[in-house]
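Here's a quick walk through a two-chain slice of this model, strand by strand and helix by helix. Have the coordinates open as you read.

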Amino acid sequence: MTPRMTRRSKIIAGAVLGLAGAGMLGSILESGAADVYLEAARPDFQKVPIGILGFQDGSLPSRPGKEAATVLAVDLRRSQVFAVADASKLGIALNGPNAPEKQKLKQAVGSGVKVLVWGTIGTRDPDYLLDRFVYDGGSDEIGASKRYVGSAALLRQITHRLADELVARYTGEPGIARTRIAYVSEQKGARELFIMDYDGHAPRQLTSDGFLNLTPQWSPDRKFLVFTSYQSRTRQNIEIVDLSTGKRSPLVSLAGLNITPAMSPDGTKLAFATSQDGNSEIYTMEMQTKALQRLTVHSAGDLSPSWAPTGKEIAFTSDRGGGPQIYLMSADGSNVRRLTFDGDYNAAPAWSPRGNWVAYVCRSEQRQYKICLISPDGQKRAQLTSGQSIDDSPSWSPDGRHIVFSSTSGGKTQLYMINSDGKEMEPLTSSGSHNSMPAWSSAEIQTVDAQPTEKK
Amino acid sequence: MSRACQTIGAVMMAGCLLVSVQGCNKSVEGTSGSKTTEQAVVKAPVTLPGEERVSDDIVVAKAEPEAARQRTEEMRQEAAATAGTGLQDVFFGYDSWTIIDSGKQALGADAQWLKANGGKALTIEGHCDERGTQAYNLVLGERRAKAVRSYLTDMGIDAKRLAVASYGKDRPFCRDHNEDCYQQNRRGHLVLRVK
């Protein structure tokens, strides 16, 4: 599989998107990388077998080499692109900064590993320097080394960056190891916003209001969050917070309930639900002019808009048929049609970044609240989670391979990640009394350094 | 390397070098694993040509302790003031916002209290049990609060004295996972406003 876009065009696409404040979705869909994904999603897709030989750190007291190797292995496994081999069985011991003997690398490839990665970690106060080397069995070459630098506190992030580079190299797509998840956490009886790394590490508190902050969603450029913030007992706004400065500003302050904001994929519009008309209706607001457009006109409740990656359609929850169900409509409110018909409770839709699925909360025959998937044409449906719990608020990783959601399966409401095929559920939060409403950021805008080194 | 990339890189590099000229004079330690002496003085970070800097791109927002303290204090005062009124809450069936008989009795007494205390105003909070999604429960909670308000206005209470709010399932009265607890949380909670 040879990446179709040239390196140069990807860099330019990334820069243009960055300037326009748009996310990666457009570039993924247009670049043809979606074909790569379809291949990866097939059951018979062969993961790239990779061996991590380790990171020589000259026995720095903090042992960064060991941690980097561990973080990288988990990142690569989660990427679903690589099968990580047991390094101890490769029979290659790193010896200082020197590359392992080519002969040994070749032997490892002979035993089934296709790619070998190793590195060194040194310091240059106040930074760590991580030099990485990659041997590709297909080309039989150790490519040019690459050096990442970053403060010692960012060792995990530096390693995530390397994982993303490897994913990009073998798929042409940005990886997700440097994405983040925003969520709601209970603090002293209040609901506050937090942001953590995609793997649950480094949770950081974003609000400290002592009341309710709910339904966070990212801007496509991942520089802002939009969310519902209760200003008083009875007044709440949809606010936007600039993550680089912490500055918060109100976006929507209509009378009544203003909830479930979602920015359009191009960042120009905000869809949300408000009850200013008496019951909950979906509106969009132009981010530039603040001009409002009402999309739904119905005496039932309409809420939780989720944009298709094209920006042309919106999935939402409505109980116009009795109980809550998932509906679709065009972005101007026309062409409303019901998507879900199984069961009497379906809510909280999240359109996948690939466009091929809508994740949502379904109520199972056992009357448990589970995560389900349905194709936008309604033809395919799957229940991802099972068991006795209340699962809620599904949100997709930007590569479309994972879903984060909340679940009470461990007693308290905590966040979990699951593959979009329902496998490998793993907890992301375990402390605190309540963590919910997760929202996965878009991928980092970066130069995708895809190299056509792979041969079949 | 493409021209576009070189240009961007050059701009970034110039920026880095400008802010860290002193740091750039420092000799670069190898990455051979040789132990580096810990320096007491924090040096400015340097990014040299060919290196890629990984930085943290999120600044955590500042806390608002004063706003939080004020709101908490106000809610404490409201709870204390409400406790002395004898106002009764209204409870609902599962996934329902219909006022049932017990609720009508409670609201009859509440209406009498409101008529006898003409200067007082209430906030009606709608609450839900933990089942269902957080977002849909916000809508359900608002329906409950508005059902209570409608009932009271039908009994002659001025709607201006009755603000509504929905907290969905996010401010529960009870945290167990059983029907007794769920019943406690499916509620229209009447709170006396203090300002």
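Ten bridges tie S3(A) to S4(A), and the two run antiparallel. (Strands here are DSSP E runs of at least two residues, helices are H or I runs of at least four, both numbered from the N terminus; two strands pair if DSSP finds at least two bridges between them.) S3(A) and S4(A) make a hairpin with two residues between them, and Arg124(A) sits opposite Asp127(A) in S4(A).

Before going on, a word on the ground rules: this is a predicted model, where local features need pLDDT of at least 70 and side-chain atom pairs count only at pLDDT 80 or more, while totals for chains, interfaces and linings use all residues. Residues are numbered from 1 along each chain as its sequence is written, with chains lettered from A and ligands numbered from 1 in the order in which they are written.

S3(A) has another partner too: six bridges join S1(A) to S3(A), this time in parallel, with Gly54(A) bridging to Trp118(A). Here are the pairings covered in this report, chain B included.

| Strands | Sense | Bridges |
|---|---|---|
| S3(A) and S4(A) | antiparallel | ten bridges |
| S1(A) and S3(A) | parallel | six bridges |
| S2(B) and S5(B) | antiparallel | two bridges |

How many of the ten residues of S3(A) are buried? Ten of the ten are, so the strand is largely enclosed by the rest of the structure. (Buried means 20 or more other C-beta atoms within 10 Å of a residue's own, exposed means 12 or fewer, and partly exposed is in between, with C-beta atoms placed from the backbone.) Val115(A), Val117(A), Gly119(A), Ile121(A) and Thr123(A) point one way, while Leu116(A), Trp118(A), Thr120(A), Gly122(A) and Arg124(A) point the other.

S3(A) also helps cover helix H4(A): the buried residues of that helix are covered by elements including S1, S2, S3, S4 and helix H6 (155-171) of chain A. Among those buried residues are Ala68(A), Val71(A), Leu72(A), Asp75(A) and Arg78(A). H4(A) covers residues 64-79, and its 16 residues should span 22 Å at 1.5 Å a residue (1.5 Å times one less than the number of residues); the end C-alpha atoms are 22 Å apart, which agrees. Just after the helix, Gln80(A) takes a positive phi of about 65°.

Further along, Ile92(A) lies in the loop between S2 and helix H5 (102-110) of chain A. Ile92(A) is buried, with 21 other C-beta atoms within 10 Å. Leaving aside neighbours within four places in sequence, Ile92(A) is in contact (C-beta atoms, placed from the backbone, within 7 Å) with Leu53(A), Pro100(A), Lys104(A) and Ala108(A).

Over in chain B, there are six helices and five strands, running α-α-β-α-β-α-β-α-β-α-β from the N terminus. Buried residues make up 32% of its 195 residues. An open sheet of four strands goes S2-S5-S3-S4 (chain B), with mixed pairing. Its edge strands are S2 (90-91) and S4 (162-168) of chain B, each pairing on one side only. Val90(B) has Gly188(B) in S5(B) as its bridge partner.

Finally, the largest nonpolar core (buried Ala, Val, Leu, Ile, Met, Phe, Trp, Tyr and Cys residues joined through C-beta atoms within 7 Å) has 152 residues, and Val358(A) and Tyr360(A) have the most contacts inside it. Helix H5 (residues 134-154) of chain B gives the most to this core, with ten residues.

Notes
Contact = placed C-beta atoms within 7 Å.
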